[in-house]
Amino acid sequence: MSDTIAAIATGMGSSGIGIIRISGPCALSIADKIFNPSVTKRKPSKMISYTAALGHIIYDGRLYDESICLVMKAPHSYTTEDIVEFDCHGGIVVLKEILDLIIQMGARPAEPGEFTKRAFLNGRIDMSQAESVMDLIHSKNEMAAAASIKQVTGELRDIITTMRTEILYNIAYIESVLDDPENYTFDNFIPELKSTVDKLLTTVNKLIESSTSGRIITEGIRTVILGRPNAGKSSVLNMLLGVERAIVTDIAGTTRDTLEESVNIDGITLNIVDTAGIRDTEDVVERIGVDRAIANISDADLILFVVDGSTTLDANDHKIIDAIKGKKVITLVNKKDLGIIVDNMLISSEIKTEIIEISAKNGIGKDKLHNLLKDMFYNNSLNYNDQIYITNMRHKALLYKTSASLTAVCESIDNHMSEDLFTIDLMAAYESLGKIIGEELEDDLVNKIFAEFCMGK
Ligand code: GDP
């Protein structure tokens, strides 16, 4: 890692300001060659760390841009190496030319995520923090950003590190007794070990459980709109989107294909799949939609069941009711403007559901639906202030492994197995947890994780 890397750190479009970043042992000397401070006359290498200077990027008589140079000296920087950042004008041509110049001066173009990789390899952050940097950048809503920033600051790392310390202590103790039975004893140790492992299991399983909410926060609520043909599914979708996006017609079954849309309601993301509706059909094209609708139910976090309130329930409605039993359902009794005939009680006797009467066509009931969604989301399952949410599938898989290993320890204890067996599973748990924070990770996996990062981060 002795080379110096450089990249454009800001988005690749025209903007007021674009930032070029250089990190590594030659960052300051390269900056000295191309940056002419206009006021202080102090070259970047002579600047005090965490100060900035106005000047010109100029080389071989050619003026590239007016720029602000910011210097962060090792080890107090993002990568722990010397870093120089140039705030330039945000035109992409200018930025590319300056980057080319920096590379001509001896830097190498950074690979995606390489700055963060250096921060990780140099021990400034752990892998869970590095990964959440990316999650933060890609956050789709405020909740996702809040969940990510907690992990950027190292909250998950702290929980994992505490658990590992505890596991390691117990492994060491067991080894000590086995090595030196004269001075160490298993007396009273086993029940203590059992209660420690139980506690660890509770923490690990809680983290695993949090991943459902974690996924909902980061990816959005997988929402399926179901209803018989002409109940008003497309109209409901349009109402939520606030624009005429789906095709609305009077002919039954016109929403043939599935159509995915994302809606953001006060920080909650709904990923809505509008389907062709469930019904028996001879039409092949139609059936593709119907099959998909059925397939979608099992994956859905939320079902919006649209009922035509101006008529009674028909066979299709009952078929849907049968299919969505046990799911989280909001029933939207639609076409309120035509007068409600349908029996709401009949629906609520069949499925557990919230019921709202709406008129998708006129936007009546929209606020009620918004509020209900917010209630379901804020009150039932989530508390953003004091909980860590597992949002990364790699972490989740490793927590499952940890949980399995700890469970095995408990079983060995219950079955009075010999103590040296405990250490094998404890060690496995220790290693799985270590992989979350990036210890015990093979190099190629480290490379793979960082390869998914953005340029310049
Ligand atoms: P889908 O087949 O379930 O997607 O139903 P659409 O959204 O295409 O609507 C079917 C028909 O019902 C269209 O003619 C809509 O204009 C009409 N419709 C939808 N919502 C309402 C409503 O709230 N009131 C009235 N009167 N008509 C509606």
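Which residues of α3 are buried? In this predicted model, the list runs to Glu-114, Phe-115, Thr-116, Lys-117, Arg-118, Ala-119 and Phe-120. That makes seven of the eight residues in the helix, which spans residues 114-121, so α3 is largely enclosed by the rest of the structure. The buried set takes in charged side chains as well as nonpolar ones, with Glu-114, Lys-117 and Arg-118 sitting alongside Phe-115, Ala-119 and Phe-120. The cover over these residues includes three strands, β1 (5-8), β2 (15-23) and β7 (108-109), together with the helices α4 and α15 (443-451). After α3 comes Gly-123, with a positive phi near 80 degrees.

Zooming out for a moment, the chain holds 15 helices and 13 strands. It has 457 residues, and 49% of them count as buried. Taking contacts between residues at least 6 apart in sequence, 66% join residues at least 24 apart.

Next up is α6, a helix of 25 residues running from 155 to 179. From first C-alpha to last it reaches 36 Å, close to the 36 Å expected at 1.5 Å a residue. Its buried residues are Leu-156, Ile-160, Met-163, Arg-164, Ile-167, Asn-170, Ile-171, Tyr-173, Ile-174 and Val-177. Other helices help to cover them, including α4, α5, α7, α13 and α14. Ile-174 is a handy place to look at this packing in detail. Why does Ile-174 count as buried? Its relative accessibility is 0%, and the cut-off for buried is under 20%. Leaving aside residues up to four places away in sequence, Ile-174 touches Phe-186, Phe-189, Leu-193, Glu-419, Phe-422, Thr-423 and Leu-426. Of these partners, Phe-189 and Leu-193 fall within α7 (189-219), while Glu-419, Phe-422, Thr-423 and Leu-426 fall within α14 (419-436). The C-alpha atoms of Ile-174 and Tyr-184 are separated by 9.0 Å, with the two residues ten apart along the chain.

Leu-237, in helix α8 (residues 233-241), also counts as buried, at 0% relative accessibility. Its C-alpha lies 9.1 Å from that of Val-273, a residue 36 places away along the chain.

Back to α7, which has 31 residues and covers 44 Å between its first and last C-alpha atoms, close to the 45 Å expected at 1.5 Å a residue. The helix is not straight throughout, though: at Thr-212 it bends by about 30 degrees. Gly-220 follows α7 and has a positive phi, near 105 degrees.

The residues Thr-218 and Glu-219 of α7 bring the second largest pocket into view. How big is the volume of this pocket? The value comes out at about 280 Å³. Besides those two residues, the lining includes Met-134, Asp-135, His-138, Ser-139, Lys-140, Ala-144 and Ser-148, along with Thr-391, Asn-392 and Met-393. Three helices, α4 (127-137), α5 (142-152) and α7, each supply at least two of the lining residues. By residue type, the lining divides into three nonpolar, six polar and three charged. The charged residues are Asp-135, Lys-140 and Glu-219, and the nonpolar ones are Met-134, Ala-144 and Met-393. So α4 turns up both here, in the pocket lining, and in the cover over the buried residues of α3.

Finally, a few spots in the backbone deserve a look. Most residues other than glycine have a negative phi, and most peptide bonds are trans. Lys-41 departs from the usual sign, with a positive phi near 65 degrees. It sits in the loop between β3 (35-37) and β4 (51-59), and is exposed, with a relative accessible area of 62%. His-416 is another non-glycine residue with a positive phi, here about 55 degrees. Its loop connects α13 (393-414) and α14, and at 72% relative accessibility His-416 counts as exposed. As for peptide bonds, the one from Ala-74 to Pro-75 is cis, with omega near 0 degrees. Pro-75 belongs to the loop between β5 (62-72) and β6 (83-90).

Definitions and conventions. Residues numbered from 1 in each chain as written. Predicted model: local features only at pLDDT ≥ 70, side-chain atom pairs only at ≥ 80, totals over all residues. Heavy atoms only, no water. 1 Å grid on protein atoms, 1.4 Å probe; cavity = no way out; pocket = protein on both sides within 12 Å on 5 of 7 lines; lining within 4 Å. Points joined across faces, edges and corners; volume = space filled by probe spheres on them. Helix = DSSP H or I, 4+ residues; strand = E, 2+ residues; numbered from the N terminus. Expected span 1.5 Å × (residues − 1). Bend = angle between axes of the 7 residues up to and from the residue. Buried < 20%, exposed > 50% of the residue type's maximum accessible area, 1.4 Å probe, protein only. Contact = heavy atoms within 4.5 Å.
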